[in-house]
Amino acid sequence: MKEHNSYKPMSVVDIHLKTQTMMGNPPQAMVTTHWNQVMNQAHIKPPKLLCKITGKIKPFQASINDADGFRMRAACVCVRSSKEQEVLLVSSTGGRGWIIPGGKVEPREADNPSISAIREAREEGGVLGQLGRYLGEFENTEKGHRTRVFVMYVDSLEPEELWEETYRERKWFTIEEAKEVLKKNKPYHVKYIERMVQTRSNVVS
């Protein structure tokens, strides 16, 4: 009698998505779907991430790589007003220091990372506001990712009962203060603020 094996191991499937954004025509993005195909054929549930701080479970998010293999990220430099003199920072997940809100570009957002930047600002900082100018793409070869960064003009901050990641702290800093605290924890994030300062003269009369 022949044995029937309904499950066949699958390799990772790379789906190429063409991206068209306000930055022009960036390279094709690759969405690495580690689990969707396996789920369909083997009925395996995707893994979930347990937050060590809150104990809450977050659903698995597929990684998106660009044509060069860098993971795609997006972030917002959140400022109090159009004067761009104060920046909102949030505490890192591990509580080791301050960061600029940012994170993964999700598969459905691959053609417009600005959506990712807005989402991350709201999730991590409870920020509601207007998206400003694009500051550029910042490459971190050590971490293997590239982050597209935007300015966010903050209209309001969600109260704690609505803020998704309330285990974080959030605080306003002057430009110089923000640069100093970021140097200790996220020196790459200092570059975001420096680029904002450099390009501010182009938008402020």
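**View 1. R96 sits out in the open on the surface.** In this predicted model, R96 has a relative accessible area of 68%, and anything over 50% counts as exposed, so R96 gets that label. Look for R96 in the loop that runs between β7 (86-91) and β8 (98-99). R96 also has company: together with R71, K104, K143 and K186, this residue makes up a positive surface patch.

**View 2. E158 and R122 pair up across the chain.** Here's a handy idea to start with: side chains of opposite charge can pair when their charged atoms come close. In this close-up, E158 and R122 form a salt bridge, and their closest N and O atoms are 2.7 Å apart. The two partners come from distant parts of the chain, 36 residues apart. E158 belongs to the loop between β11 (145-157) and β12 (170-174), while R122 belongs to helix α2 (residues 113-125). Are the partners buried or exposed? E158 is buried, with a relative accessible area of just 6%, whereas R122 comes out as partly exposed at 43%.

**View 3. E124 and R168 make another link between helix α2 and the loop between β11 and β12.** This time the salt bridge joins E124 to R168, with 3.6 Å between the closest N and O atoms. E124 is the helix α2 partner and R168 is the loop partner, so the pair ties together parts of the chain that are 44 residues apart in sequence. Both of these residues are buried.

**View 4. K183 and E180 meet within helix α3.** How far apart in sequence are K183 and E180? They are three residues apart, which is about one turn of the helix, and both lie in helix α3 (residues 175-185). Their side chains meet in a salt bridge, at 3.4 Å from N to O. Now check how much of each residue is open: K183 has a relative accessible area of 47%, and E180 has 43%. Partly exposed covers the range from 20% to 50%, so both residues fall in that group.

**View 5. Several charged residues join into one network.** Which residues are in the network? They are E106, R108, E109, R119, E120 and E123, joined by salt bridges that share partners. Zooming back out, the structure holds 16 salt bridges.

Conventions:
Residues numbered from 1 in each chain as written. Predicted model: local features only at pLDDT ≥ 70, side-chain atom pairs only at ≥ 80, totals over all residues. Heavy atoms only, no water. Salt bridge = Lys/Arg side-chain N within 4 Å of Asp/Glu carboxyl O. Helix = DSSP H or I, 4+ residues; strand = E, 2+ residues; numbered from the N terminus. Buried < 20%, exposed > 50% of the residue type's maximum accessible area, 1.4 Å probe, protein only. Patch = residues over 30% accessible without salt bridge, like charges linked within 9 Å, V, L, I, M, F, W, Y side chains within 5 Å. Areas by Shrake-Rupley, 256 points an atom, 1.4 Å probe, with all protein chains shown as cover. Lys, Arg positive; Asp, Glu negative; His and termini not counted. Charge placed at Lys NZ, Arg CZ, Asp CG, Glu CD.
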